[in-house]
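Let's take a friendly walk through a protein model together. Have a look at the sequence and the 3D view below, then read on.

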Amino acid sequence: MSKRVLITGGAGFIGSHLTLYLLHRYPEYEVIVLDALTYAGNRANLREAEGNRRFHFLHADVRSRDAVQEAMQGVHMVVHLAAETHVDRSILNPDAFITTDVYGTFVMLEVARQVGVERFLHVSTDEVYGPAETAACAEDAPMRPTSPYAASKAGADLLAQAYHKTYHLPVLIVRPSNTFGPRQYPEKLIPFFVTRALNDLPLPLYGDGKQVRDWLYVADHVRALDIVLHKGQPGEVYNVAANNERTNLEITHKLLQILGKPEALIQFVQDRPAHDRRYALNTDKIRALGWQPQADFDTALRETVRWYVQNRDWWEPILQQQTEYRQFVEQWYGVRGQTVSGR
Ligand code: NAD
Ligand code: DAU
């Protein structure tokens with residue numbers, strides 16, 4: 001059946017993968033991307049969709065109720081991904097996290113309630129649980145966010161739950177783990193370290209590098225969004241993870257090995273404030289819907305590295321644009337900025 005799907009944040013990393021996936025998987029669907037094209041949004045991420053008559057792009061902000069109202073007319077399903085997403089940026093400057101992640105989500109929910117959409121999938125994060133001390137977190141674990149990013153996402157998550165309870169809006173929530181793959185903005189660990197290593201720059205590992213993240217390949221993430229959007233129970237929350245826990249140090253060793261770069265590039269620096277030691281999710285609930293990760297981690301990591309090696313034209317201009325932010329971060333964490341090659 002023909003459906004109109006609105007994807008917010010569709011010019012970002014996960015949103016662009018979801019957009020291309022839905023256009024391909026559902027030839028009867030129309031996909032509308034609403035994106036403010038912040039520093040993290042990039043029209044080039046949607047190049048493959050341009051020219052497709054079932055694809056529409058709206059350059060707009062989720063904080064603008066008028067724009068969201070216009071975008072949601074005739075829409076059956078919403079996938080809300082638009083957010084400020086980088087923990088370090090939230091520590092350095094939290095403002096936009098509150099206005100976009102919390103207030104922007106409120107605008108999306110409020111308009112969805114007025115329009116009466118069939119499904120509203122809110123993309124939250126595993127960071128809302130805070131650090132997993134021993135056992136993996138199930139969906140009913142308490143929220144203990146530690147960074148301004150995680151707290152803003154927790155606020156949005158709670159609002160989405162409230163809209164289901166109070167107004168019976170058919171809200172579904174996913175809480176995915178650390179995701180990686182092509183087109184991820186080169187501020188997040190894997191693309192940041194790959195692009196730094198390719199330029200022979202030191203890789204700043206925070207603290208002792210033994211923090212654990214549960215790595216999920218973007219193709220598996222997007223299939224999880226598809227399954228929850230179509231088969232999930234409104235009002236329910238679904239964790240999404242491959243149960244693939246790795247330390248940051250292990251990831252760094254793997255990246256250097258794939259790239260054939262020396263271990264000497266590793267530089268231990270001051271730790272991130274309130275750095276969550278480990279995230280770990282119980283994923284029984286989404287697996288019961290029929291989802292399971294398909295990617296082999298090592299293969300997916302090699303594929304991702306290869307994409308960055310082959311797409312310097314995508315990331316080099318980005319690195320030039322974010323010089324000021326990087327300088328700020330480097331001062332903050334005490335990172336050496338010079339190139340290592342030729343020392
Ligand atoms: P991203 O930073 O790559 O992309 C975010 C997109 O949102 C960009 O295209 C940006 O332009 C857009 N955006 C930002 N503010 C906006 C606004 N006010 N109005 C409209 N558009 C706006 O993010 P991502 O990594 O693809 O993450 C997408 C979603 O998934 C986020 O909600 C994030 O919290 C969540 N998530 C991400 C991960 C991960 O590891 N990347 C894991 C779990 C959950
Ligand atoms: O867990 C899901 C979350 O994963 C998402 O909700 C966020 O949007 C996403 O940014 C990500 O958050 P993290 O803080 O885990 O991701 P990041 O890539 O920033 O860092 C991953 C780990 O690597 C973390 O322990 C911090 C560490 N790190 C990161 C950078 C950028 C370093 O040691 N050095 C670095 O330079």
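How far is an oxygen atom of ligand 1 from an N or O atom in the side chain of Tyr 149? The distance is 2.7 Å, which fits the definition of a polar contact (a pair of N or O atoms within 3.5 Å; within protein, one must be able to donate a hydrogen and the other to accept it, and residues adjacent in sequence count only if both atoms are side-chain atoms).

Before going further, here is how to read the values. This is a predicted model, where local features need pLDDT of at least 70 and side-chain atom pairs count only at pLDDT 80 or more, while totals for chains, interfaces and linings use all residues. Residues are numbered from 1 along each chain as its sequence is written, chains are lettered from A and ligands numbered from 1 in the order in which they are written, and side-chain values use heavy atoms, leaving out hydrogens and water.

**The protein as a whole**

The mean pLDDT (the predictor's confidence in each residue, from 0 to 100) is 96, and 98% of the residues reach 70 or more. Among the elements, strand β5 (residues 119–123) has the highest mean pLDDT, 99, and helix α12 (residues 323–333) the lowest, 87. The protein has 12 helices and 13 strands; these are DSSP runs, with helices being H or I of at least four residues and strands E of at least two, numbered from the N terminus.

The C-alpha trace spans about 60 × 45 × 35 Å along its principal axes. Of the 343 residues, 57% are buried (under 20% relative accessible area, with exposed over 50% and partly exposed in between, using a 1.4 Å probe and protein chains only).

**Ligand 1**

There are 30 residues around ligand 1, and Ile 14, Asp 35, Thr 85, Tyr 149 and Lys 153 come nearest; a residue counts as near if one of its heavy atoms lies within 4 Å. Helices α1 (13–25) and α5 (148–167) each supply at least two residues of this shell. A backbone N or O atom of Val 62 lies 3.0 Å from a nitrogen atom of ligand 1. Taken alone, ligand 1 exposes 840 Å², and the protein buries 97% of that (accessible areas come from the Shrake-Rupley method with a 1.4 Å probe; for residues, only the protein chains shown count as cover).

**Ligand 2**

Around ligand 2 there are 23 residues, the closest being Thr 125, Asp 126, Tyr 149, Arg 272 and His 275. Helix α6 (189–198) and strand β8 (203–206) each give at least two residues to the shell. The table lists three contacts of ligand 2.

| Residue and its atom | Ligand 2 atom | Distance |
|---|---|---|
| Tyr 149, polar side-chain atom | oxygen | 2.5 Å |
| Arg 272, side-chain N or O atom | oxygen | 2.6 Å |
| Pro 204, polar backbone atom | nitrogen | 2.8 Å |

On its own, ligand 2 has 690 Å² of accessible area, and the protein covers 95% of it.

**Two residues to find**

Leu 203 sits in strand β8 and is buried, with a relative accessible area of 1%. Its C-alpha atom is separated by 38 Å from that of Val 31, 172 residues apart along the chain.

Is Asn 244 buried or exposed? Asn 244 is buried, with a relative accessible area of 11%. Asn 244 lies in the loop between β11 (237–240) and β12 (245–247), and a polar contact of 2.8 Å joins its side chain to that of Arg 246.
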